[in-house]
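Reader: Please take one part of this model and look at it closely. I would like to hear about the site around the ligand, and then how the sheet is put together.

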Amino acid sequence: MNTEHLLQAAKEAGLNRARPLASNFKVGAAFEFSNGAIFSGGNTEDRGKTIVGACAERNTLAAANNQMGPLSEYGIGGTVGWRQAAVWANTPGPITPCGICRDFMSATAVTPEAQVLSQCEGPSRSIFTIGELLPLAGRGPGGDVKDEIEAWRLNGGKITQLASSDSNPLISRAMVAADRSYVPPFSNEPISGASLLTEAGETHEGFLVIDATTRLGGTAISMAVRSALVGPAERTPRVIAVGLYTKGDVLRAPTGCDLQLLQEIRAKHGDVDVMFGCDKSAYKTTLDALLPHPFGRNDLGY
Ligand code: THU
């Protein structure tokens, strides 16, 4: 299918099938899959009582998975993956997928070069590859990002290697927090910890919480953000740096979902330093580098 048709399918879904009961923000997405199939869908929102709302991109991928899946994982296995995506929104400028959608889209694309087109009510359009939108998606075994870091560096990615995890103060704090992780005995997820530094010079720690049934736990970064938000000292803490530690030899970067959360409570000015490490290696980069062209407050007008 050509690009214009895919953009048209995204617009049709956004105009006619979006259910933006809370925000009135209409979004549509359309994906072309490796078998030629096209799926499209809109965003779904509740009025606010529940957390069931989801973006157009994730809704559409979930529908495709349930009709013809399982979708492949990072281009491997499964029945199909997507090779081109289009997004439409009733905004003046084109929007980009949020971090959560970038996670799911990275995992189900046939390659990191798969293109994401975006248009809106205005005349401008944007085009990115999914690899550009989430450079460290975790395509390696167990979510490892070592190979992606090398590829990203060759493409100009701004990331530097640190001597070790315990050479960095924020990752060191994250290491201590990681030991408090709460995971069910059957989980094979490595434990992890996070430490946030706010504008006021305070640090807030979090650790992985996976509960077996309700899924009300969270990643180390999300738990640190919650802790910062309920902490006693600051009204609205603004994050200027974050450290993430994952126990073991697999090197993980913050997920798109966690990057989106950091985007929400980052300081108004300046970039956010992001340090992450495991027992073998550690790196330093920034939020703007890991989550370029973020969807966020500007798109929603606040
Ligand atoms: N939204 C999408 O559907 N796709 C995007 O790429 C960004 C955001 C939706 C989710 C929610 O219903 C509303 O826009 C506001 O975030």
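Author: The ligand site comes first, then the sheet. Keep in mind that this is a predicted model.

Start with the shell. The ligand is surrounded by 13 residues. Phe25, Asn43, Glu45, Ala56 and Glu57 are the closest. By class, the shell holds nine nonpolar, two polar and two charged residues.

Now the polar contacts. Each of the following involves an oxygen atom of the ligand. Glutamate 45 places a polar side-chain atom 2.4 Å from such an oxygen. Glutamate 57 also uses a polar side-chain atom, at 2.5 Å. Alanine 56 works through its backbone: an N or O atom there lies 2.8 Å from a ligand oxygen. How much of the ligand does the protein bury? Taken alone, the ligand exposes 380 Å², and the protein buries 89% of that.

Next, the sheet. Six strands make up an open sheet with mixed pairing. Their order is E8-E13-E12-E11-E9-E10. Strand E8 (160-162) and strand E10 (203-207) are the edges, each pairing on one side only. On average, neighbouring strands are turned by 20 degrees against each other, direction ignored.

Look inside the sheet at one pair. Strand E12 (residues 273-277) and strand E13 (residues 282-286) run antiparallel and are joined by five bridges. Within this pair, methionine 275 stands opposite lysine 284 in E13.

Finally, a helix. Helix H7 (residues 220-230) packs on the sheet. Helix H7 touches strand E9 (192-198), E10 and strand E11 (239-246). The direction of H7 makes about 135 degrees with that of E10.

How values were computed. Residues are numbered from 1 along each chain as its sequence is written. This is a predicted model: local features need pLDDT of at least 70, side-chain atom pairs count only at pLDDT 80 or more; totals for chains, interfaces and linings use all residues. Side-chain values use heavy atoms; hydrogens and water are left out. A residue is near a molecule or strand if one of its heavy atoms lies within 4 Å of it. A polar contact is a pair of N or O atoms within 3.5 Å; within protein, one must be able to donate a hydrogen and the other to accept it, and residues adjacent in sequence count only if both atoms are side-chain atoms. Accessible areas come from the Shrake-Rupley method with a 1.4 Å probe; for residues, only the protein chains shown count as cover. Ala, Val, Leu, Ile, Met, Phe, Trp, Tyr, Cys and Pro count as nonpolar, Asp, Glu, Lys and Arg as charged, and the others, Gly among them, as polar. Two strands pair if DSSP finds at least two bridges between them. Helices (H or I, at least four residues) and strands (E, at least two) are DSSP runs, numbered from the N terminus. Axes are lines fitted to C-alpha atoms, for helices over the stretch in contact, and angles run from 0 to 180 degrees between N-to-C directions. Contact means heavy atoms within 4.5 Å.
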